[in-house]
Structure formats: C-alpha cells, structure tokens
Amino acid sequence: MLPTFGHIALVIGFAASLFAAWAFVIGGRSGDERALSSARRALYASFALAGLACGVMVFSLLTHDFSILYVARNNATTTPPFFSFISLWAALEGSVLFWTLLASGWAALVLHRYRSRHRLLMPWVGATLAAIDSFFFAVLVWPGNPFLRVTPVPAEGAGPNALLQNHPFMGLHPPLLYLGYTGLAVPFAFAVAALVTGRLDEGWLAVVRRWTMIPWIFLTLGITAGAWWSYEVLGWGGYWAWDPVENAALLPWLTATAFVHSSMVAERRGSLKAWTVSLVIATFTLTLVGTFLTRSGVVASVHSFTQSAIGPWFLGAIALALTAALSLLVWRLPQLTGTGRPTSLLSRESAFLLNNVLLCGLTFAVLFGTLLPLVVAATGGGTISVGAPWFNRVNVPIFGALLFLMGIGPALPWGRASWSSVRERFGVPVVAAVSAVVAAWALGMRGVGPLGTLGLAVFVGGIMLDELVRGARARSRYRGEDPATATWRLATRNRRRYGGYLVHFGVLVMAVAVAVSSGLASQTSATLRPGESVRLAGYVLTYDRLVVEPLAADPRVTEARAELTYGGSQEGRLATALRDYPNSTTAVATPSVRTALGEDLYVTLLAYDTATRTVTVRVFVNPLVVWIWVGGAIIGIGSTFAIWPERRRVPVEASEAERLPAREPAPSVEGA
Amino acid sequence: MRYLRWLLVPIVVVPLTLLLFHGFGRDPREIPSPLIGKPAPSFSLAALDGTRLTAAQLHGRPYVLNFWASWCIPGCVDEHPVLLEAERRYGADVQIVGVVYNDSPAAARTFLDRYGDGGWPQLSDEGGRLAVEYGVTGPPETYFVDATGIVRGKQFGPLTMAAMDDRFAALLAARAAQ
C-alpha cells in the first residue's frame with residue numbers, strides 16, 4: 001500500500017513539473033501573471049511530492065519492508081536505524097530519488113526567492129529548472145523506479161553495501177555533494193534564460209555568480225568530506241586516488257571555479273561574456289556526464305553503481321541539454337562579443353584570464369584521463385586504466401602555477417600595472433617565502449614538492465596579508481578606528497574580496513597539507529605475534545591481542561579486531577579491524593586513525609590468523625593530514641562570508657520594499 | 001561564413017554522445033575468465049544434505065557450477081527459476097551443481113525452501129576457497145565444464161532463459177563433437 005503511494009507521488013510529481021515547464025514557457029512568452037503563478041505552484045508541489053516519496057522510502061527502510069526491491073537489496077533486519085536511513089542514497093534508485101528531492105528543492109527555492117524580481121528572466125529560469133526536474137521524475141517513474149516490488153517477499157534483505165555501512169560519514173558526504181551537483185542546475189537555468197531573452201547584463205552576472213557560489217560551497221565541502229571518508233574508511237592511508245567518481249566531482253568544480261573568476265572580468269570590463277556563459281553550460285553538462293559515468297556502469301570505480309537501464313536516459317539528457325544550450329549560445333553569439341579592449345599583460349584581467357586557461361587545462365586533463373579508457377575501448381584497443389601517477393604528473397604543475405597566480409592576481413590592479421609597484425608589493429612576501437623554506441629545511445623538511453609548496457604558500461599568503469594590513473591601517477588612520485574594528489569593517493565592506501582571500505588562504509592550507517602529507521608520509525607493514533612491536537617514525541606499536549566476535553550493532557557482521565598499544569608523540573590504545581559482511585566478497589578494513597595537529601598515526605589490519613593469533617598490520621605516519629580538512633572548512637567559511645548579503649544601509653525601507661510585491665514591472669532594473 | 005558557427009553544436013555534441021554511448025555494451029567489472037579452455041579446478045566439498053561431492057565423481061559428464069547466495073537479491077532470485085527450467089530440460093545430460101557462496105547453510109536452506117529446491121547438489125564452500133580458485137567476483141556466476149573436465153564458458157551475472165539455452169546447447173555440442 002505505502003510503496004504504491006510513493007510511486008503515485010512520483011507520477012504526479014512528474015506531471016506537475018512537466019506542467020510547470022509548459023506554464024512557465026506560456027507565461028514567459030505572454031507575460032501572463034496567472035500562468036506564472038500556477039507554474040510556480042506546480043513547481044512547489046513537485047518538491048513536496050518528491051519529499052513525500054523520499055519519506056515513504058525512508059519509512060520503508062526503517063521498517064525493513066522487503067516487499068520493495070530497493071529495500072530488500074540495501075537493507076537487512078539487523079541494519080542499525082542510522083544506516084537504514086542513509087541507505088536512501090546508498091544505491092542507484094534511492095540516490096536518484098534523493099537527487100530529485102534536492103533538485104526540485106533548489107528550483108522551488110530560487111523561484112520563490114525571485115518571484116517578484118528579474119521578471120523577464122525568471123519564467124525561462126523556471127521552465128529550465130522544471131524541465132530538468134521532470135527528467136529526474138521521469139527516470140524515477142520509468143527506468144529507475146525505486147518502489148519496484150518483489151514477490152514472494154524475502155524474509156531477509158541483503159543489507160547495505162558493506163563499504164557504505166562502515167562509517168557515519170556516509171551520512172554527510174553524499175548529501176553535501178548532491179546539494180552541490182543539483183544546485184549547479186540553477187546557474188545553467190539562468191544562462192538559458194539570459195540567452196533566450198538576450199539579457200546578459202551585470203545584474204544577471206551578479207545573480208548567477210551568487211547561485212554558482214552556493215552550490216560551489218556545497219560541492220567543495222562534499223568533495224572534502226568524500227576525501228575524508230575515503231581516508232577514514234578505505235584503509236589505504238590516502239584520500240584522493242583520481243578515481244572516476246572523484247574526477248566526476250572535481251570536473252564541474254573546476255569549471256565553476258573558472259566561472260567565478262571569469263565572471264569578475266566580465267562584470268568589470270564587459271568582456272569574456274560568451275566565455276563565461278560557456279563555462280556555466282560546461283559546468284552543468286559535466287555534472288550530468290559525471291552522474292552518467294557513475295550511475296550507468298560505464299566506468300569501473302569504487303563508487304560505480306550497478307549497470308542499469310537509466311544510462312541511456314542520462315545520455316539522452318546530456319545530448320539534449322548540450323544541444324539546446326549550445327544552439328542558444330551560437331544564436332546569441334553576435335550579441336555577446338565583448339566591449340572590452342585588450343589590456344596590459346601585467347594586469348588583474350590577465351591574471352584572471354591565465355587562471356581560466358589553467359583551470360580549463362586542468363579540466364581537460366582530468367576529463368581526458370577519465371575518458372581515455374572509454375576512447376581506447378571504443379577504438380578497439382582493449383581495456384586500459386589511467387592511474388594516479390599520470391594524473392599527478394600532469395596536474396600537479398598546473399596546480400602549482402595556479403597557486404602562484406593566486407598570489408600575483410590580487411596584487412595587480414585592474415587595467416595596467418607598473419613593474420615598480422609590482423616589485424614593491426612582492427618584496428616582503430618573497431623574503432618571507434625564502435625564509436620559510438630555509439627554516440623548514442633547517443628543521444629537517446626535505447623534498448622539492450613540500451618545500452616548493454610551502455614557499456609558494458607563504459609568498460601568496462604574504463601578499464594577501466600585506467594587502468589586508470595596508471587597507472586596515474589606512475582605514476584605522478582616516479576613521480580613527482582601532483585595528484580590530486578597522487579590519488573587520490574593511491572585510492565586511494568588501495565581502496567578495498576578503499572572503500575570496502579567506503578562500504585562497506584555505507586553499508593554501510590545503511595545498512601545503514597535501515604536498516607535505518603525500519611527500520613526507522612514511523609507512524611500514526609487519527606481521528606480529530602477541531607481545532611483538534613494530535616501530536615507525538618515532539612510534540612504537542605493540543600488538544596485544546586478537547578478538548573475533550560478532551559486531552554488537554549488527555550480529556550478521558563478524559569483526560576480527562587487533563588491539564594494540566602505541567607510544568611516541570601520541571600514546572594510547574587502538575583497535576583496527578577487518579569486518580566480514582555477509583554480502584561482501586572481501587573483508588572490509590576498519591582502519592584506526594589517531595589524529596594530531598602535526599601528524600596522523602594510521603593503522604590498518606591486513607590479515608590475521610586465528611590459529612597462531614598473528615596479525616599483519618600496515619602502519620602509516622601521515623604528517624599534516626588534518627589540515628586538509630581544516631583547509632576545506634576555511635574555504636567553506638570564506639566563501640560563505642563572501643556571498644553573505646551586504647548589510648542594507650537603510651534596513652527599514654529595504655524590508656518594506658521587499659514585502660510589497662513590485663506593482664510596476666521593472667524589467668530594466670536587474671539586481672541580485 | 002555566418003552559418004559556419006552552427007557547426008560548433010554537432011562538433012561538440014556528436015563525438016561526446018557517441019563516446020559515452022559506446023560504453024554501454026560492456027560491464028567494466030566483467031573480466032574474461034582465464035580458466036576457459038583449461039582444466040576445471042578440482043574440489044571435494046560437503047553438500048547441504050551432508051553428502052560429499054568431488055570433481056572426480058563428475059568426470060565423464062558435463063557439469064555446470066553455479067555460485068549463488070541467499071543474500072544476492074535480485075540476481076540469484078531471478079536466476080533460480082531459470083536453473084529449475086534448465087534442470088527440467090537438460091538435467092538428463094548435464095549435472096547442475098550449486099555452490100553456496102559466502103553464506104550460511106541455514107540461510108541457503110531457507111532460500112531453497114522458499115524458491116524451490118531442484119534437487120541438484122548444493123555445496124557449502126566454507127571459506128570461499130573454490131570461489132577463489134574460479135575467480136568469482138560476485139554471485140551469481142556460472143561456469144560450464146565439459147565431460148573431459150575443461151572449462152568451456154562463464155556466465156557473469158544471472159542466467160536468462162535465452163542465455164541458458166545457448167550455454168547448455170554449446171556445452172552439449174562440445175560433447176557431441178568429441
């Protein structure tokens with residue numbers, strides 16, 4: 001009964017979003033306010049219906065209703081409630097269902113928020129978003145129906161994917177990532193609307209940048225949380241493997257980042273408009289391509305879902321979205337040619353331009369490496385895989401160049417810079433960078449990668465700090481504010497600039513942590529009898545005993561746990577385990593990670609022998625890893641700071657203006 | 001010249017679509033078995049009913065080794081009626097042997113009681129040693145061994161009615177040719 005209810009909700013949701021798309025187009029062509037308001041209501045309804053369907057699925061998972069195929073495949077009577085709940089997004093159909101909820105949620109939010117602004121654009125934004133939603137609903141009604149039934153009803157289900165029920169991070173990483181992915185449909189919808197109406201002005205740029213930044217923040221946090229999950233769960237001591245799904249998340253992130261930068265040039269100089277729109281289109285297309293790659297079984301990956309019938313649907317959607325958006329772009333191309341004249345090579349514009357070239361180079365390299373196995377297979381070359389060493393070799397130099405640009409970009413003025421002003425700004429940071437490298441070398445740090453990254457980071461950080469201090473000092477002098485107030489006010493009056501600096505600072509922290517942790521990690525493995533020890537990087541680990549028992553939370557799972565004591569710069573006891581899940585072909589590692597500010601002690605159990613009680617463990621000492629997650633958090637805080645709405649100067653009037661619906665259509669006034 | 005820019009659309013869309021489309025024909029996890037054309041790994045395993053079965057006992061008659069588990073939903077559930085039908089059609093000429101893969105005997109028994117027991121031997125592969133020798137990546141997987149003990153084929157994923165007919169016919173043809 002209940003599953004039927006969920007299915008009906010999806011069917012009505014499909015109809016409602018299709019109706020919304022149609023009514024938005026009618027409203028957009030005629031300006032008929034009734035058509036637009038009923039379109040909006042239909043869109044809100046489709047969001048509510050997706051919510052209802054998700055609710056039904058979650059309830060069925062929590063109550064172990066194995067009459068639903070999805071529940072029977074991804075749940076067992078012994079699955080703990082938390083993991084039952086998050087199984088909503090642990091497999092193909094459920095994740096598309098959750099995806100639809102988020103996509104229709106973003107659509108409803110945007111349409112509600114701008115219901116009385118951007119009157120010319122919004123119908124087309126609504127039509128695009130509703131069309132995208134109706135695609136996802138259609139996938140759920142036909143090829144990816146999450147409410148398919150099983151008869152006879154099995155007595156027990158298979159249980160969630162072993163890897164996915166092993167760590168609570170599964171509750172965090174997918175929702176963040178999906179919020180980012182689905183949110184990137186919003187800037188795409190604005191791009192389509194701008195191309196349809198021909199209104200590609202500064203107001204448009206401001207809205208699109210804000211609505212690219214919001215999903216960008218979620219995508220950044222989602223990628224960071226995914227890396228963290230991989231580090232805590234997979235037991236290989238690393239956090240990024242250039243797996244196709246990691247790449248799929250990185251690709252739209254790269255193009256969205258390029259957009260955020262190029263849009264500033266477009267806004268400032270009126271140039272690069274066609275380019276900027278292309279980036280928005282590319283970003284959305286890449287989210288679809290990524291989804292396609294991972295949800296259709298085309299590439300092998302840790303994440304890839306089972307081969308399924310939804311692949312052709314996604315392929316059709318990619319072809320359709322790309323054809324439509326590119327055709328609109330080509331149609332408008334004559335109007336998009338820039339008004340800006342070429343500028344000096346030594347200017348902020350040039351730095352942004354170079355930043356875009358590099359980010360697109362990265363995008364291309366990552367896309368190439370991800371798709372190469374497909375190209376080779378398509379041309380009859382057999383099965384190949386492109387490994388992490390290739391990606392590192394190609395991408396690390398580009399990342400280094402981007403880091404360098406991050407420093408010189410903000411130091412350069414718009415228009416034209418003189419060499420002498422550049423030299424003046426670079427002096428102190430260069431000295432600081434050289435001293436930092438020398439000091440690190442003296443303290444024992446070796447390796448070109450870690451030392452080079454540290455030097456670059458100090459250089460870039462120095463330039464940003466110098467800029468902030470100069471500004472704050474000037475403000476403090478002219479307004480008589482104390483330094484702290486002056487700094488805060490300076491930053492909050494220029495949120496975009498100083499929020500951007502904070503984001504860059506987070507990137508620097510992350511870059512140093514990545515370079516040091518990958519360049520200076522040490523590892524060893526040892527087979528130990530009870531009482532024996534292994535030494536690594538100042539740590540002594542002593543193997544105490546082996547315990548093999550069913551897991552308390554889920555008795556179907558057998559855990560073999562090696563208990564060790566460790567001493568060194570951290571001390572204590574730890575247990576690292578291998579878990580045997582009934583539905584997994586291999587035992588799942590449960591590494592033990594002891595995190596400190598300076599380094600992580602990471603121990604994973606490779607093998608054990610119950611007869612002799614010997615265990616084989618691999619031990620890693622990974623320096624600075626925690627700073628990667630800290631860097632991700634700083635990026636999140638910085639970007640939130642950057643897009644936080646500026647405080648209105650006259651709050652009373654502003655809020656009244658917002659409360660009253662705009663009586664006269666004011667299409668010429670476009671503002672974020 | 002002015003219309004030339006429209007070429008941009010197909011230049012981008014067509015190759016990308018074709019490339020992605022090409023990926024459909026294959027399953028990236030499907031690995032061709034190196035065992036094909038080689039002697040089948042030998043075994044001596046206890047069946048669920050307590051009797052013992054060895055590979056040597058099967059010599060002289062083609063056999064089909066089906067790795068399955070009660071938790072493999074829906075693959076093994078979908079496949080089960082196909083196997084029952086295979087036993088009905090080809091049981092006189094081909095011995096079907098089930099291997100319970102990474103599952104408890106009790107759960108396997110419950111599965112058979114629920115979906116129907118075809119009466120062929122169900123071996124309990126404790127520790128999954130036979131599965132490792134065959135290189136099973138996940139159930140269901142089915143191996144076709146001819147009367148001389150040579151592996152002739154491998155089915156990755158559940159057998160469908162059509163696939164089952166083709167596979168069994170090929171196996172019997174291999175025997176007729178000898």
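1. Start with the hairpin in chain A of this predicted model. Strands β2(A) and β3(A) pair in the antiparallel sense, and four bridges hold the pairing. One of the matched pairs is A:Leu536 with A:Tyr539, the latter being the partner in β3(A). Two residues sit between the strands of this hairpin, and A:Ala537 takes a positive phi near 45° there.

2. While you are at β2(A), look at which way its side chains go. A:Val534 and A:Leu536 point to one face and are buried. A:Ser533 and A:Arg535 point to the other face and are not buried. So A:Leu536 turns up twice in this corner: as a buried residue of the alternating pattern, and as the bridge partner of A:Tyr539.

3. Next, follow β3(A) to its other neighbour. Strand β3 (residues 539–550) of chain A runs antiparallel to strand β4 (residues 558–567) of chain A, and ten bridges join the two. If you want a pair to click on, A:Pro550 has A:Thr558 as its bridge partner in β4(A).

4. Now zoom out to the whole sheet. It is an open one of five strands in chain A, ordered β2-β3-β4-β5-β6, with antiparallel pairing. At the edges you find β2 (533–536) and β6 (588–590) of chain A, each of which pairs on one side only. Ignoring direction, neighbouring strands of this sheet are turned by 25° against each other on average.

5. How is chain A divided up? There are domain 1 (1–166), domain 2 (172–406), domain 3 (407–517 + 632–646) and domain 4 (522–626). Notice that domain 3 is written as two segments, 407–517 and 632–646. The C-alpha centres of domain 3 of chain A and domain 4 of chain A are 40 Å apart.

6. Two helices of chain A are worth a check on length and cover. Helix α6 (residues 122–141) of chain A has 20 residues, and at 1.5 Å a residue it should span 28 Å; the end C-alpha atoms are 28 Å apart, which agrees. Of those 20 residues 18 are buried, so α6(A) is largely enclosed by the rest of the structure. Helix α18 (residues 495–519) of chain A, with 25 residues, reaches 35 Å from its first C-alpha to its last, close to the 36 Å expected. α18(A) is mostly covered too, with 20 of its 25 residues buried.

7. A couple of single residues in chain A make handy landmarks. A:Phe284 lies in helix α11 (residues 273–295) of chain A. Is A:Phe284 buried or exposed? It has 28 other C-beta atoms within 10 Å, and 20 or more are enough for a residue to count as buried, so A:Phe284 is buried. The residues that A:Phe284 touches, leaving out those up to four places away in sequence, are A:Leu184, A:Ala185, A:Phe188 and A:Ala321. A:Leu184 is 100 residues away along the chain, yet its C-alpha atom is separated from that of A:Phe284 by 5.9 Å.

8. The other landmark is A:Ile12, in helix α1 (residues 2–30) of chain A. With 18 C-beta neighbours inside 10 Å, A:Ile12 counts as partly exposed. The C-alpha atoms of A:Ile12 and A:Phe137 are separated by 9.1 Å, and the two residues are 125 apart along the chain.

9. Chain B has an open sheet as well. Its five strands have the order β5-β4-β3-β6-β7 (chain B), and the pairing is mixed. The edge strands are β5 (122–124) and β7 (151–156) of chain B; each has a single partner strand, so one side of each is left without a neighbour in the sheet. From one strand to the next, the twist averages 20°.

10. Within that sheet, β4(B) is a good place to pause. Strand β4 (residues 95–100) of chain B is mostly covered, five of its six residues being buried. Strand β3 (residues 63–68) of chain B pairs with β4(B) in the parallel sense over six bridges, and β4(B) pairs with β5(B), also in the parallel sense, over three bridges. B:Val100 links both pairings: it is the bridge partner of B:Trp68, and it stands opposite B:Ser124 in β5(B).

11. Finally, how do the chains meet? In all, 27 residues of chain B are in contact with 33 residues of chain A. On the chain B side, α1 (8–22) and α4 (105–115) each supply at least two residues. α1(B) gives the most, with nine residues. By type, this side of chain B divides into 14 nonpolar, seven polar and six charged residues.

How values were computed:
Residues numbered from 1 in each chain as written. Chains lettered and ligands numbered in written order. Predicted model: local features only at pLDDT ≥ 70, side-chain atom pairs only at ≥ 80, totals over all residues. Domains from an automatic or database assignment. Expected span 1.5 Å × (residues − 1). Buried ≥ 20, exposed ≤ 12 C-beta atoms within 10 Å, placed from the backbone. Contact = placed C-beta atoms within 7 Å. Nonpolar A, V, L, I, M, F, W, Y, C, P; charged D, E, K, R; others polar. Pairing = 2+ DSSP bridges. Axes fitted to C-alpha atoms, helices over the stretch in contact; angles between N-to-C directions.
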